[in-house]
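Q: I would like to learn how to read a ligand site in a model, beginning with single contacts and ending with the whole chain. Could we take it step by step?

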Amino acid sequence: MKFSIITIFPAIFDPYLNEGVLKRALQKRLIEVEVHNLRDYTQDKHRSVDDYPYGGGSGMVMKPGPFFSAVETLHPDAAGRRVIMLSPAGKKFDQEMAVELSKEERSLVFLCGRYEAIDERVSTSLADDEVSIGDYVLTGGEMPALVIIDAVARLVSGVLGDEHSAEIESFSWGILDYPHYTRPPVYKGLAVPETLLSGNHKDIVQWRRKQALRRTVKQRPELLEKTTLSEEDQRLMREIKEESA
Ligand code: 4FV
């Protein structure tokens, strides 16, 4: 899986990419990450990437030219690239989009903004997708790019230890994850739920499903509208409602 990042702060990425799971994935060539300095694709001697906003107003706007020439120079084959512009106005990133992107054959090319915004012509005529990681305003698109690369890379086959761990986790079922415990069995008087110590696999699976549903009802009920619940889930939901009544 190939990731290409276009930014005015290329040094931001190494520290994060060269630790843990992502570091190993790079070493095993399961993923490839190129980081490019947008200023290398400017035309003027000041290597300027921003200018004053037409129509006035505060802050500066990033020029279209450097982004277009960076993408067209680095990834001339349009069929081999998927250009993702990070902005608060984009489609909200979530696990479903992460799974979809993890199946991409094309290089994922991330356009990282700074200043007030990026000239709209980049979004309308260069980017294939405009993506937001959340309804808040950051100082730059670099961290959103890292968030997406992290969430997508870990879904690439072989990146996470044993294969199935990505399948059974938060949101992979469209609901929140079940509570996890490890040793000691009692900590500060807080005991691990009996079921998990029982060794009864069937009970453990049911307990975990029920806890995941209970947690979702409490903390993210809107997720339940988007997911289809099995007969068994509906039975567990009735139990949860009775128990909380
Ligand atoms: C953002 C977000 C974000 C806006 C102005 C960078 C900043 C500055 N990107 N999801 N939320 N971008 O806040 O993706 O250029």
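**Reading the ligand site**

A: In this predicted model, a backbone N or O atom of Leu-138 lies 2.8 Å from an oxygen atom of the ligand. The protein as a whole covers 95% of the 360 Å² of accessible area that the ligand has on its own.

Q: Which other residues place a backbone N or O atom 3.1 Å from an atom of the ligand?

A: A polar contact is a pair of N or O atoms within 3.5 Å. For Arg-114, a backbone N or O atom is 3.1 Å from an oxygen atom of the ligand, while for Gly-134 the partner of such a backbone atom, also at 3.1 Å, is a nitrogen atom of the ligand.

Q: How many residues surround the ligand, and which are the closest?

A: A residue counts as near if one of its heavy atoms lies within 4 Å. The ligand is surrounded by 17 residues, of which Arg-114, Tyr-115, Ile-133, Tyr-136 and Leu-138 are the closest. Sorted by class, this shell has nine nonpolar, six polar and two charged residues.

Q: Which strands supply at least two residues of the shell, and in which pocket does the ligand sit?

A: Strand S5 (81-92) and strand S8 (129-132) each do so, and S5 gives the largest share, three residues. The ligand sits in the second largest pocket.

Q: What is the radius of gyration of the chain?

A: The value is 22 Å, whereas a compact globule of 245 residues would be near 18 Å. The chain has 10 helices and 10 strands, and along the principal axes its C-alpha atoms fill a box of roughly 70 × 45 × 40 Å.

Note on methods
Residues are numbered from 1 along each chain as its sequence is written. This is a predicted model: local features need pLDDT of at least 70, side-chain atom pairs count only at pLDDT 80 or more; totals for chains, interfaces and linings use all residues. Side-chain values use heavy atoms; hydrogens and water are left out. A polar contact is a pair of N or O atoms within 3.5 Å; within protein, one must be able to donate a hydrogen and the other to accept it, and residues adjacent in sequence count only if both atoms are side-chain atoms. Accessible areas come from the Shrake-Rupley method with a 1.4 Å probe; for residues, only the protein chains shown count as cover. On a 1 Å grid over the protein atoms alone, a cavity is a set of points where a 1.4 Å probe fits but cannot get out, and a pocket is an open set with protein on both sides within 12 Å along at least five of seven lines; lining residues have an atom within 4 Å of a point. A molecule sits in a cavity or pocket if more than half of its atoms lie within 2 Å of its grid points. Helices (H or I, at least four residues) and strands (E, at least two) are DSSP runs, numbered from the N terminus. Ala, Val, Leu, Ile, Met, Phe, Trp, Tyr, Cys and Pro count as nonpolar, Asp, Glu, Lys and Arg as charged, and the others, Gly among them, as polar. The radius of gyration is taken over C-alpha atoms; the globule rule is 2.2 Å times the number of residues to the power 0.38.
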